[in-house]
Amino acid sequence: MRNISDVIEDYLKKILQNNTQNAIEIKRSEIADRFECVPSQINYVINTRFTVEKGYIVESKRGGGGYIRIIRITNEDKAKLIDEIIEMIHPTVTQQAAIDILERLLEEEIITNREAKIMVSAINRNTLAFQLPVRDEIRSRIMTAMLSALKH
């Protein structure tokens with residue numbers, strides 16, 4: 001059975017897909033009411049599932065008329081997207097951020113499931129058995145090499 005965070009994430013992504021502007025404005029309390037959960041659950045979903053690494057920009061305005069705006073970053077030029085990701089992960093990248101980036105590349109059909117699995121195993125903290133911050137630096141270099149290879 002799927003958890004509430006997955007359901008909320010899917011709901012927000014469907015709204016985004018149906019919006020031609022790749023942006024939505026939501027009220028946290030309204031979404032919480034819809035899913036019968038606490039508003040902090042909505043914050044959790046937005047903070048963990050709608051990150052820059054996953055291809056989203058989140059803006060919020062607090063207060064009575066407050067909202068949360070979720071914007072899907074789109075990029076028609078795949079090579080430019082890869083260059084932007086390489087810039088984002090330089091000089092270090094955490095395992096979670098790297099996995100988020102790979103999920104985004106999978107969603108954008110830049111890599112296949114098989115390629116994603118291979119890349120995840122190459123950048124896993126168990127594979128890169130070094131102390132921090134060296135591990136995140138090496139992960140960044142490996143990711144950069146793999147992403148650069150995708151461009152050619």
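Contact means heavy atoms within 4.5 Å. Helices (H or I, at least four residues) and strands (E, at least two) are DSSP runs, numbered from the N terminus.

The structure is a predicted model, in which local features need pLDDT of at least 70 and side-chain atom pairs count only at pLDDT 80 or more, while totals for chains, interfaces and linings use all residues. Residues are numbered from 1 along each chain as its sequence is written, and side-chain values use heavy atoms, with hydrogens and water left out.

**Exercise 1.** Determine which residues of helix H6 are buried and what covers them.

*Solution.* Step 1: buried means under 20% relative accessible area, exposed over 50%, and partly exposed in between (1.4 Å probe, protein chains only). Step 2: in H6 (residues 113–123), Ala116, Met119 and Ile123 are buried. Step 3: these residues lie on the same side of H6, because they cover an arc of only 70 degrees around the axis; the arc is that of the directions from the helix axis to the C-beta atoms. Step 4: the face turned away from the buried side carries the exposed residues Asn113, Arg114 and Lys117. Step 5: the cover of the buried residues includes helix H5 (95–107) and H7.

**Exercise 2.** Carry out the analysis for helix H2, and describe the residue that follows H2.

*Solution.* Step 1: the buried residues of H2 (residues 28–35) are Ile31, Ala32 and Phe35. Step 2: their arc around the axis is only 100 degrees, so they are on the same side of H2. Step 3: Asp33 and Arg34 are exposed on the face turned away from that side. Step 4: the buried residues pack against H1, strand S1 (23–26) and helix H3 (39–49). Step 5: glutamate 36 follows H2 and has a positive phi, near 50 degrees.

**Exercise 3.** Describe the surroundings of leucine 12.

*Solution.* Step 1: leucine 12 is placed in helix H1. Step 2: leucine 12 counts as buried because its relative accessibility is 0%. Step 3: apart from neighbours within four places in sequence, leucine 12 is in contact with Ile24, Ile26, Ile31, Ile46, Phe50 and Ile70. Step 4: one of these partners, isoleucine 24, is twelve residues apart from leucine 12 along the chain, and their C-alpha atoms are separated by 8.5 Å.

**Exercise 4.** Locate the cis peptide bonds that precede proline 91 and proline 133.

*Solution.* Step 1: the bond from histidine 90 to proline 91 is cis, with omega near 10 degrees. Step 2: proline 91 belongs to the loop between helix H4 (78–89) and H5. Step 3: leucine 132 and proline 133 are also joined by a cis bond, where omega is about 5 degrees. Step 4: proline 133 lies in the loop between H6 and H7.

**Exercise 5.** Relate serine 140 to the residues that it touches.

*Solution.* Step 1: serine 140 is in helix H7 (residues 134–151). Step 2: serine 140 counts as buried because its relative accessibility is 2%. Step 3: not counting residues up to four places away in sequence, serine 140 touches Ile89, His90, Pro91, Thr92 and Val93.

**Exercise 6.** Compare the accessibility of asparagine 22 and glutamate 109.

*Solution.* Step 1: asparagine 22, in the loop between H1 and S1, has a positive phi of about 55 degrees although it is not a glycine. Step 2: asparagine 22 counts as partly exposed because its relative accessibility is 26%. Step 3: glutamate 109, in the loop between H5 and H6, has a positive phi near 60 degrees. Step 4: glutamate 109 is exposed, with a relative accessible area of 71%.
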